[in-house]
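Biologist: Could you walk me through this structure at an easy pace? I would like to begin with the overall picture and then look at some details.

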Number of protein chains: 2
Amino acid sequence: MLGITILGSNSAVPSFGRHPTAQIITFRDQLFLIDCGEGAQMQMNQYKIRKNRINHIFISHLHGDHYFGLIGLLSSMNLLGREQPIHIYAPAPLQPLLELQCKISGGPLGFTLHFYPLTKAEKIVDDKHVEVHCFPTKHSIECWGFLFKEKKTNRRINNNSIALKDIPLEFYKYLQQGDDYTKEDGAVIPNHTVTIEGTSPQSYAFCADTLYDEELLSHITQVNLLYHEATYLDEMHDKAAGRFHSTTKQAATIAQKAQAKRLLIGHFSSKYEKLDAFLEEAQTIFPNTSLALEGITYRM
Amino acid sequence: MLGITILGSNSAVPSFGRHPTAQIITFRDQLFLIDCGEGAQMQMNQYKIRKNRINHIFISHLHGDHYFGLIGLLSSMNLLGREQPIHIYAPAPLQPLLELQCKISGGPLGFTLHFYPLTKAEKIVDDKHVEVHCFPTKHSIECWGFLFKEKKTNRRINNNSIALKDIPLEFYKYLQQGDDYTKEDGAVIPNHTVTIEGTSPQSYAFCADTLYDEELLSHITQVNLLYHEATYLDEMHDKAAGRFHSTTKQAATIAQKAQAKRLLIGHFSSKYEKLDAFLEEAQTIFPNTSLALEGITYRM
C-alpha cells in the first residue's frame with residue numbers, strides 16, 4: 001500500500017504558513033522523499049516522519065523551492081549518527097554543490113551518498129516491491145517527474161479451499177507466488193483452486209513543475225494517484241504558460257486524458273491565501289481531485 | 001534604540017519546535033541579520049519581519065545551523081523583486097558557494113551582493129548611527145562574533161532654558177551636535193546651558209559559538225546586552241569543551257567578567273526539551289540573564 005504525505009505545497013516563496021515542495025512516499029516499511037524544499041526536515045519533525053527510514057531521495061529540478069532543504073536534512077541525518085547510505089536521483093549540477101556544501105560545513109558525511117544524475121526516461125529504482133521511473137517534464141530548466149509502481153503482489157491463500165488439507169504449510173509461500181502443488185502420487189492441485197488474486201498493484205506519478213504537456217500521458221496513463229502542479233487558477237493561464245507552469249484546469253485535463261483514478265494538485269502560487277477555487281475549478285473537469293494539503297497523508 | 005528579535009535559538013539539529021540560529025537586530029529603521037539557519041525566512045514571515053529592510057547580513061561561521069537558510073532568503077528577496085544591494089560579512093568560503101547556488105538555481109540575482117570576507121578583528125560597518133565590529137571566537141572552525149555600537153547620540157534641546165529665546169530655530173540642529181551659539185554682539189551661549197545629555201549609546205555583542213574564552217572580554221566589555229551561547233547545562237562541561245561549546249555557568253561568568261548589563265543565552269542543545277534549568281543555572285552567577293526565546297524582541 002502506498003501513502004503520500006505532503007510536507008510542502010507552495011511554489012517559489014513560502015507564504016501563508018505553506019512550505020515549499022516536499023513529499024514522503026510510504027511503501028510498506030520504506031520511505032521515499034520527493035523534493036526537499038527549505039524546512040522539509042522541520043516538517044518531518046512536526047509530522048513524526050522517521051527520517052532514518054528514508055534511503056532514496058528524488059529531486060525534480062534545481063529551483064530552490066525544490067531542494068534548498070536537502071543539505072540541512074543530510075546534515076541532520078549525519079549529526080544524528082546515520083550510517084546507512086543515501087541514494088539521490090537528481091539533475092547532475094546538484095552533485096558538485098552538495099560536495100562543496102559538505103566540504104565547507106564540517107567535512108564529509110558519516111554515510112555514503114550515492115548520486116545518480118538523471119539523463120533520460122528510464123527505470124531508476126528496482127526494489128523488491130516497488131520500481132521507480134523518471135520522465136522529463138517541460139519547465140524553464142531541466143525537470144523530471146517520477147512514477148512509483150508497485151510490483152505484482154502475491155496471491156493470497158484461500159482458507160476456504162478444501163484442497164489445502166493436502167498441501168504442507170512449508171509450500172504455502174510457493175502457492176503465494178503462483179505455483180501448482182504436485183502430490184506424492186503425482187496428482188496436481190492447480191494454484192487457482194487454493195489461492196485468490198492478491199491486491200492490485202498501486203501506482204503514483206509526481207509530475208513536478210511543468211507546462212501543460214500531453215507528452216506526459218505516455219508515462220502516467222491509468223496511474224492510481226496523479227500529482228500534477230496547479231500553480232495558478234484558470235484565469236491566469238497566460239501567466240502560467242509564460243512561467244512554464246500549469247493551471248487547475250490543465251492539471252485536471254491531464255488527469256482525465258491519462259485516465260488517472262485520482263488527482264492531487266499542489267505547488268500553489270504564493271499570491272493565493274485561500275485555495276477553495278483551486279479545488280472547485282479542477283473538479284469541473286476531474287471530479288476526483290484533492291488539494292495537496294500539508295500534513296495530510298493520501299493513501300491508496 | 002536597539003532591539004534583538006530571536007528567530008532561532010537551537011543548536012545543530014532543529015528540535016522541539018526550535019529553529020537554528022538567526023537574529024534580527026533592529027536599529028531605528030534598519031534591520032541587520034545575524035546568522036541565517038534553515039527556516040529563517042519562514043520565521044521572518046511568522047513574526048512580521050520586513051525583509052526588504054535588511055541590508056546587512058552577518059554570518060558567524062559555516063556550520064550549517066548558522067547559514068543553511070541564507071540562499072533561501074536571498075532567493076526569496078530576488079523573487080519578490082528586490083533591487084537594493086545586500087552586504088554579506090562572512091567567512092571567505094561562503095562566497096563561491098553562494099555563487100554556485102545562484103548559478104545552478106536560475107541565474108544571477110536581480111540585486112548586487114557585496115561580499116566581505118572576515119579576516120581580523122575590526123570595524124566592518126560604519127553607518128550614520130551605528131558601527132559594527134567583528135572579533136574571533138574559539139570554535140571548531142573559523143568563527144566570528146559581532147559587536148553593534150550605537151554612535152554618540154545627539155544632545156537634546158532643553159525647552160526649559162530661558163537662553164533659548166536668543167537662538168534661531170535653524171541653529172537647533174547644531175545645538176544637538178554640541179555647538180555653542182554666538183550672538184550677533186559676540187556673546188556666546190554655551191551649549192550646556194540650552195541642551196541636556198542625549199540617551200546613552202547602546203551596545204550589543206553576539207558571541208556566536210565559542211568555548212569559554214576570556215580573550216573575548218576585551219571586545220565586549222561593559223556591553224549593554226551580551227548574547228553568549230550556552231549549548232549545555234553545567235554538568236556537561238566536559239562535553240561542551242570537547243565540542244567547542246559553552247555551558248550556562250561559563251556564559252554567565254563571561255557576562256560577569258565583562259561587566260555586561262544583561263545576558264541573553266541561547267543555542268540550546270537539541271537534547272533538551274525544557275529550558276528552565278538553563279536560566280536557573282546562569283542566574284546563580286549573573287542574575288540579569290534571559291533565555292533567547294523565538295519570537296521575542298529584547299529591547300534596550
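Modeller: What follows is a short talk through a predicted model, going from one chain to a sheet, a pair of helices and the contact between chains.

Biologist: Fine, so how many helices and strands does chain A have?

Modeller: Chain A has eight helices and 18 strands, and along its principal axes its C-alpha trace spans about 75 × 50 × 35 Å. Of the 300 residues of chain A, 43% count as buried.

Biologist: And what share of the contacts in chain A comes from residues 24 or more positions apart?

Modeller: If we take the contacts in chain A with a separation of 6 or more, residues 24 or more positions apart account for 63% of them.

Biologist: Let's turn to the sheet. In what order do the seven strands of the open sheet in chain A run?

Modeller: The order in chain A is 7-8-9-14-15-16-17, and the pairing within this open sheet is mixed. Its edge strands are strand 7 (122-126) and strand 17 of chain A, each of which pairs on one side only. On average, neighbouring strands of this sheet are turned by 20° against each other, direction ignored.

Biologist: Parallel or antiparallel, how do strand 7 and strand 8 of chain A pair?

Modeller: Strand 7 of chain A and strand 8 of chain A, which covers residues 130-136, pair in the antiparallel sense over four bridges. To give one example of a partner, Glu122(A) is bridged to Cys134(A) in strand 8 of chain A.

Biologist: Now the helices. Which residues in helix 7 of chain A are buried?

Modeller: In helix 7 of chain A, which runs over residues 248-257, the buried ones are Thr248(A), Gln250(A), Ala251(A), Ala252(A), Ile254(A) and Ala255(A). These buried residues pack against strand 15 (225-229), strand 16 (262-266), helix 8 (276-283) and strand 17 (289-291) of chain A. Just after helix 7 of chain A, Gln259(A) takes a positive phi of about 55°.

Biologist: You mentioned helix 8, so how do helix 7 and helix 8 of chain A cross?

Modeller: The axes of helix 7 and helix 8 of chain A come within 8 Å and cross at roughly 40°, and the two helices are therefore oblique to each other. Their crossing is right-handed. In this contact, Thr248(A), Lys249(A), Ala251(A) and Ala252(A) of helix 7 meet Phe278(A), Glu281(A) and Ala282(A) of helix 8, and these residues divide into four nonpolar, one polar and two charged.

Biologist: Where does helix 8 of chain A lie on the strands?

Modeller: Helix 8 of chain A lies across strand 16 and strand 17 of chain A, and runs at about 165° to strand 17.

Biologist: Last topic, then: how many residues does the contact take from chain A and from chain B?

Modeller: The contact takes 28 residues from chain A and 28 residues from chain B. On the side of chain A that touches chain B, the elements giving two or more residues are helix 1 (40-46), helix 2 (70-79) and helix 3 of chain A. Helix 2 of chain A gives the most, with five residues, and the residues of that side divide into 14 nonpolar, 13 polar and one charged.

Biologist: And how do helix 3 of chain A and helix 3 of chain B cross?

Modeller: The axes of helix 3 (residues 94-104) of chain A and helix 3 (residues 94-104) of chain B come within 10 Å and cross at roughly 160°, which makes helix 3 of chain A roughly antiparallel to helix 3 of chain B. The crossing of these two helices is left-handed.

Methods: Residues numbered from 1 in each chain as written. Chains lettered and ligands numbered in written order. Predicted model: local features only at pLDDT ≥ 70, side-chain atom pairs only at ≥ 80, totals over all residues. Buried ≥ 20, exposed ≤ 12 C-beta atoms within 10 Å, placed from the backbone. Contact = placed C-beta atoms within 7 Å. Pairing = 2+ DSSP bridges. Axes fitted to C-alpha atoms, helices over the stretch in contact; angles between N-to-C directions. Parallel < 35°, antiparallel > 145°, perpendicular 65-115°, else oblique. Left-handed = near helix turned anticlockwise from the far one by under 90°. Nonpolar A, V, L, I, M, F, W, Y, C, P; charged D, E, K, R; others polar.
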